[in-house]
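Q: I should be grateful for a close look at one part of this model, followed outward to whatever surrounds it. Please set out the reasoning behind each assignment as you go.

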Amino acid sequence: MSKSIKVTGMHTLLYVYNGFVIFILTAFMCMTQDKIVQSMVARSFLEDAISVPTSSATMFYTAIFLFGALIFISRLYRKNEHKYFKYVLLALEIIVCMFLLRNLNLSYDGLVLLVVADLMYRYHGHYQEITLLAAMILLYFIANYNMAIFQTKIISFSAYVSYYNVTTQAIILALRNTFYSINIVLFVFYLVMLIKNTHEEKERIRLLNEQLEEANQRLLAYAIESEQIAETRERNRLAREIHDTLGHALTGIIAGLDACIMTLDIAPEITKKQLNKIRDTAKKGIVDVRRSVKKLRPDDLEKLPFQEALRQMTKNYSESSGMEITFDIFSWSDNLRQDQEDVIYRVLQESLTNANRHGHATKVKITIGGDEKYLIIVIADNGEGCEDVKQGFGLRHMRERLELLHGTVHYWSDAGFIVEAMIPLNQGGKNNDKNFDS
């Protein structure tokens with residue numbers, strides 16, 4: 001769990017403050033020890049002391065070294081992520097703390113709070129406050145036990161204070177008590193900030209979890225909606241494909257059979273040829289249905305160049321239905337995409353089917369032209385037409401196909417029925433002026 005800048009700064013302040021206290025107390029004992037030697041009262045001082053003190057320089061530099069080691073180990077302990085090595089570092093930190101207390105002649109045990117602060121800095125359990133209390137009691141017990149062992153080898157702080165007069169002694173003891181109090185206040189403030197940071201982090205994680213859950217719910221709803229949209233699109237696609245392929249083929253077959261009924265008695269040979277053509281149309285219709293279900297292109301588009309596929313489709317329909325179909329191509333793009341070719345093919349297919357089924361047309365003229373930006377297709381028949389055009393299944397799907405390409409379709413009656421489709425082109429191709437009949 002990450003710590004805020006305030007918590008980290010407060011932890012650093014604890015070490016800075018305790019370093020300052022250690023420096024002041026060590027300097028006081030060293031200075032007092034030097035004064036005792038210079039004032040020639042060392043004999044009486046040693047009589048009150050339990051053991052011979054170390055030299056002032058040794059005491060001072062040892063305190064500096066041990067506190068530096070404590071800072072180094074503390075930093076390693078707070079940064080180390082190894083599961084077990086951190087316990088080794090904590091043990092070393094406790095040992096160094098004990099020796100530092102020994103070097104200070106047990107004059108300041110606020111250092112124990114530094115070890116507790118490090119312990120709580122790394123602890124993130126559910127019972128943080130209880131663990132803190134237990135750790136403090138345990139560390140103070142260890143400190144007192146070890147200090148009891150060192151007790152016979154140290155000179156008490158009161159022995160150094162006794163060198164001064166009563167007024168000075170009161171001031172020194174008051175200062176030391178103030179150091180204790182400030183250290184406890186800083187530690188408690190650090191503890192409050194640490195617990196607050198922990199609670200804020202838990203609250204932040206809770207809010208993030210709620211946001212994540214809400215996002216998951218939205219994604220789930222979006223996935224369900226996307227799946228439904230995909231299913232609807234697929235149903236519409238299959239409906240368009242089956243309508244275009246089956247409708248186109250069956251309309252041609254019906255028209256051809258009607259012609260066969262009329263010629264059966266008077267021209268059997270012509271009827272036989274017409275039936276063969278109807279059979280071929282039915283076969284192609286079956287192939288197209290299979291390819292539509294598999295989301296493939298019509299068979300002619302798979303095997304033939306696009307213009308040749310259009311000629312073949314119109315020729316087959318003309319032969320099976322008996323309609324006369326002509327082409328006038330004034331311009332043509334050589335860079336049509338596959339989806340554009342598919343739509344053009346289906347628009348022509350649906351228009352021919354409607355001309356035969358609804359208009360009972362005998363002639364259909366297909367005109368294709370445009371420029372580098374647009375391709376315009378006009379299909380005009382001589383059928384019955386319709387003053388009030390109602391958009392049925394075929395016209396609606398024709399519009400849907402063109403809208404997928406950002407194209408448009410318009411239709412009206414004028415001595416028959418006229419369909420005009422416009423498809424935007426991404427890039428202009430070469431314009432080939434051609435005229436052919438099929």
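A: Ala-415 counts as exposed, because its relative accessibility is 73% and the cut-off for that class is over 50%. The model is a predicted one, and the values below are computed from it. Ala-415 is placed in the loop between S4 and S5. Its backbone also deserves attention: phi of Ala-415 is near 55°, a positive value in a residue other than glycine. Most residues other than glycine have a negative phi.

A second residue with a positive phi is His-406, whose value is near 60° although His-406 is not a glycine. His-406 belongs to the loop between H13 and strand S4, the latter spanning 408–413. With a relative accessible area of 69%, His-406 is exposed. Strand S4 thus appears in the description of both loops: the loop of His-406 lies between H13 and S4, and the loop of Ala-415 lies between S4 and S5.

Two of the elements that border these loops, H13 and S5, also take part in a pocket. Helix H13 (393–404) and strand S5 (417–424) each supply at least two residues to the lining of the second largest pocket, as do helix H12 (338–357) and strand S3 (374–381). H12 provides the largest share of that lining, with 5 residues. The space in the second largest pocket amounts to about 370 Å³. Its lining comprises 21 residues, and those nearest the centre are Asn-354, His-358, Lys-390, Leu-395 and Phe-417. By chemical class, the lining of this pocket divides into 8 nonpolar, 8 polar and 5 charged residues.

Within helix H12, Ser-351 may be examined individually. Ser-351 is buried, since its relative accessible area is 5%, and the limit for a buried residue is under 20%. Apart from neighbours within four places in sequence, Ser-351 is in contact with Ile-379, Met-398 and Val-419. The C-alpha atoms of Ser-351 and Val-364 are 9.4 Å apart in space, with the two residues 13 apart in sequence.

The contacts of Ser-351 may be set beside figures for the whole chain. Among contacts in the protein chain with a separation of 6 or more, residues 24 or more positions apart account for 74%. The protein chain has 13 helices and 6 strands. Buried residues make up 42% of its 438 residues. The accessible surface of the protein chain is about 24,700 Å², and carbon and sulfur atoms hold 61% of this area.

Elsewhere in the chain, Gln-33 sits in helix H1 (residues 5–38). Its relative accessibility is 8%, so Gln-33 counts as buried. Gln-33 and Tyr-160 are 127 residues apart in sequence, yet their C-alpha atoms are 7.4 Å apart in space.

The aromatic rings complete the picture. A pair of aromatic rings is described by the distance of the centres and the angle of the planes. The structure contains 10 aromatic pairs. In one of them, Tyr-108 and Tyr-180 are stacked, because their ring centres are 5.4 Å apart and their planes meet at 20°, with under 30 degrees as the limit for stacking. This pair links distant parts of the chain, 72 residues apart: Tyr-108 is in the loop between helix H4 (85–103) and helix H5 (111–122), and Tyr-180 is in helix H8 (residues 166–263). Tyr-108 counts as buried, at 0% relative accessibility, whereas Tyr-180 counts as partly exposed, at 22%.

The rings of Tyr-163 and Tyr-164 form an edge-to-face pair, because their planes stand at 85° and the cut-off for this class is over 60 degrees. Their ring centres are 5.1 Å apart. Tyr-163 counts as partly exposed at 32% relative accessibility, while Tyr-164 is buried, with a relative accessible area of 15%. Ring pairs further join Tyr-163 and Tyr-164 with Phe-28 and Phe-157 into a cluster.

Definitions and conventions
Residues numbered from 1 in each chain as written. Predicted model: local features only at pLDDT ≥ 70, side-chain atom pairs only at ≥ 80, totals over all residues. Heavy atoms only, no water. Phe/Tyr/Trp six-rings, centres within 6.5 Å; stacked < 30°, edge-to-face > 60°. Helix = DSSP H or I, 4+ residues; strand = E, 2+ residues; numbered from the N terminus. Buried < 20%, exposed > 50% of the residue type's maximum accessible area, 1.4 Å probe, protein only. Contact = heavy atoms within 4.5 Å. Areas by Shrake-Rupley, 256 points an atom, 1.4 Å probe, with all protein chains shown as cover. 1 Å grid on protein atoms, 1.4 Å probe; cavity = no way out; pocket = protein on both sides within 12 Å on 5 of 7 lines; lining within 4 Å. Points joined across faces, edges and corners; volume = space filled by probe spheres on them. Nonpolar A, V, L, I, M, F, W, Y, C, P; charged D, E, K, R; others polar.
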